Amino acid sequence: MKGVNDFYDMYQMSRNQSIIRRVYLATDDPSVIEEAKNNYQNYEFIYDESHPKLAHLNSRYSTESAEAVIMDIHFLSRSDFLVCTFSSNICRMAYELMQTRYSTDASWRFRSLDDFYFFATEYHRTFVAIYDHVPANEQEFQFKAGD
């Protein structure tokens, strides 16, 4: 929830007003729903209680289970900020669909809970600045277009 808290703190600062903190919760573990509701009472959780049950081995390959997975992917991809395990195919699909919603890269709207998996399996990427940047504080660094 740290990534979610960080996102909402930044979002609330930009709005300069109180906001409702909502989380779409997709899980195959029913205990996660109760744990989230108990530990994060300042959040409103949106979920379907039937989805974790449909992920169980005895119903995982049913039509209802497939529909639940598709629904979870859809709603996760429509989120403003996505936190999940990138090693999950569901997460990766939601992230790829999320990317199509923005004209620029939406990677800042995503936090993986298993960064090691992501960075260990991805090809090395090189990024080039398209704009100059003057640091706003000591935590940022300066660069010029082309760096």
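Let us start with one pair of side chains in this predicted model: Lys 37 and Glu 34 form a salt bridge, and their closest N and O atoms are 3.1 Å apart. Both residues belong to helix 2, which covers residues 30–39, and because they are three residues apart there, about one helical turn separates them. How buried or exposed are the two partners? Lys 37 has a relative accessibility of 29% and counts as partly exposed, and Glu 34, with a relative accessible area of 40%, is partly exposed too. The general idea behind such a pair is simple: side chains of opposite charge can pair when their charged atoms come close.

With that example in mind, we can step back to the whole chain. The protein has six helices and four strands. If you follow the sequence from its start, these elements appear in the pattern α-β-α-β-α-α-β-α-β-α. The C-alpha trace spans about 55 × 40 × 25 Å along its principal axes. Of the 147 residues in the protein, 29% are buried. Another way to view the fold is through its contacts: among those between residues at least 6 apart in sequence, 36% join residues at least 24 apart.

How many salt bridges does a search of the whole structure find? The search finds five, and the bridge in helix 2 between Lys 37 and Glu 34 is one we have already met. Let us look at two others.

Glu 44 forms a salt bridge with Arg 22, with 3.1 Å between the closest N and O atoms. Here the partners sit in separate strands: Glu 44 is in strand 2 (residues 44–46) and Arg 22 is in strand 1 (residues 22–24), so the bridge ties together parts that are 22 residues apart in sequence. Glu 44 is partly exposed at 37% relative accessibility, and Arg 22 is partly exposed at 40%.

A salt bridge also joins Asp 6 to Arg 111, where the closest N and O atoms are 3.9 Å apart. Why does this pair link distant stretches of the sequence? Asp 6 lies in helix 1 (residues 2–15) while Arg 111 lies in strand 4 (residues 110–112), so the pair ties together parts that are 105 residues apart in sequence. Asp 6 counts as partly exposed, with 31% relative accessibility, and Arg 111 does so as well, at 32%. These two residues also have company: Lys 2, Asp 6 and Arg 111 are linked in a network of salt bridges.

Now let us turn from charged pairs to helix packing. In general, two packed helices are described by the angle between their axes and the distance between the axes. Take helix 4 (residues 63–77) and helix 5 (residues 89–99), whose axes come within 8 Å and cross at roughly 45 degrees. The two helices are therefore oblique to each other. The crossing of helix 4 past helix 5 is right-handed. Which residues make the contact? Helix 4 contributes Val 69, Ile 73, Leu 76 and Ser 77, and helix 5 contributes Ile 90, Met 93, Ala 94, Leu 97 and Met 98. Sorted by class, this contact has eight nonpolar residues, one polar residue and no charged residues.

How values were computed: Residues are numbered from 1 along each chain as its sequence is written. This is a predicted model: local features need pLDDT of at least 70, side-chain atom pairs count only at pLDDT 80 or more; totals for chains, interfaces and linings use all residues. Side-chain values use heavy atoms; hydrogens and water are left out. A salt bridge is a side-chain nitrogen of Lys or Arg within 4 Å of a carboxyl oxygen of Asp or Glu. Buried means under 20% relative accessible area, exposed over 50%, partly exposed in between (1.4 Å probe, protein chains only). Axes are lines fitted to C-alpha atoms, for helices over the stretch in contact, and angles run from 0 to 180 degrees between N-to-C directions. Angles under 35 degrees count as roughly parallel, over 145 as roughly antiparallel, 65 to 115 as roughly perpendicular and the rest as oblique. A crossing is left-handed if the near helix is turned anticlockwise from the far one by less than a right angle, and right-handed if clockwise. Contact means heavy atoms within 4.5 Å. Ala, Val, Leu, Ile, Met, Phe, Trp, Tyr, Cys and Pro count as nonpolar, Asp, Glu, Lys and Arg as charged, and the others, Gly among them, as polar.
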